[in-house]
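Biologist: Hey, got a minute to go through the side-chain contacts with me? Let me pull it up.

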Amino acid sequence: MTGETDLRTLLASMTPELLDGAYVFATLAPHVPQPEGLEPVMVFREREGTTLIVTEEAARTTGLEASFRCRMITLNIHSSLEAVGFLAAITARLAAAGMGVNPVSGFYHDHLFVPAGRAEEAMAVLRELSMDSAS
């Protein structure tokens, strides 16, 4: 299962889905263990520390200091990890709307973390991009 690589197909066929709840980004210093019972959506290790994307509630419950309150949008199309330009086209369109975005790629799908207060606007931008690409 390699996923789709054709940019036009990816953009025209993506079905963005806004997930329930708010998410935040948190960090742990190097070698600091993850709080017991925490189930992050994403974990990424860097020299400076470990980045966690968790629900806002999980951060509050475990006492993690967090930033960037956001909503998660899943782009429901199996994009190839080798696809060229998919996220670039999406982030460029959101940037043109003055919106920052933190994209994360999983094996099957790409996910966008957008400012919580602008999630519906991001969905409208993504739907418009998809319609424009289908023409």
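Modeller: Sure. Keep in mind that this is a predicted model. A place to start is the salt bridge between the side chains of Glu121 and Arg118, at 2.9 Å from N to O.

Biologist: Is Arg118 buried or exposed?

Modeller: In between: Arg118 has a relative accessible area of 24%, so it counts as partly exposed. Glu121 is partly exposed too, at 35% relative accessibility.

Biologist: OK, and how many salt bridges does the structure hold?

Modeller: There are 4. One of them joins Glu56 to Arg69, with the closest N and O atoms 2.8 Å apart. That pair links distant parts of the chain, 13 residues apart: Glu56 sits in helix α2 and Arg69 in strand β5.

Biologist: What does Glu57 pair with?

Modeller: Arg60, with 3.2 Å between the closest N and O atoms. Both lie in helix α2, 3 residues apart, which is about one turn of the helix.

Biologist: And how accessible are those two, Glu57 and Arg60?

Modeller: Glu57 is partly exposed at 46% relative accessibility, while Arg60 is exposed at 56%.

Biologist: Switching topic: how many aromatic pairs turn up?

Modeller: A search of the whole structure finds 4. Take Phe107 and Tyr108: the ring centres are 5.0 Å apart and the planes are at 75°, so the pair is edge-to-face.

Biologist: Why edge-to-face?

Modeller: Because plane angles over 60 degrees count as edge-to-face, and this pair is at 75°.

Biologist: Which residues do ring pairs link into a cluster?

Modeller: Tyr23, Phe25, Phe68 and Phe113.

Terms used
Residues numbered from 1 in each chain as written. Predicted model: local features only at pLDDT ≥ 70, side-chain atom pairs only at ≥ 80, totals over all residues. Heavy atoms only, no water. Phe/Tyr/Trp six-rings, centres within 6.5 Å; stacked < 30°, edge-to-face > 60°. Helix = DSSP H or I, 4+ residues; strand = E, 2+ residues; numbered from the N terminus. Buried < 20%, exposed > 50% of the residue type's maximum accessible area, 1.4 Å probe, protein only.
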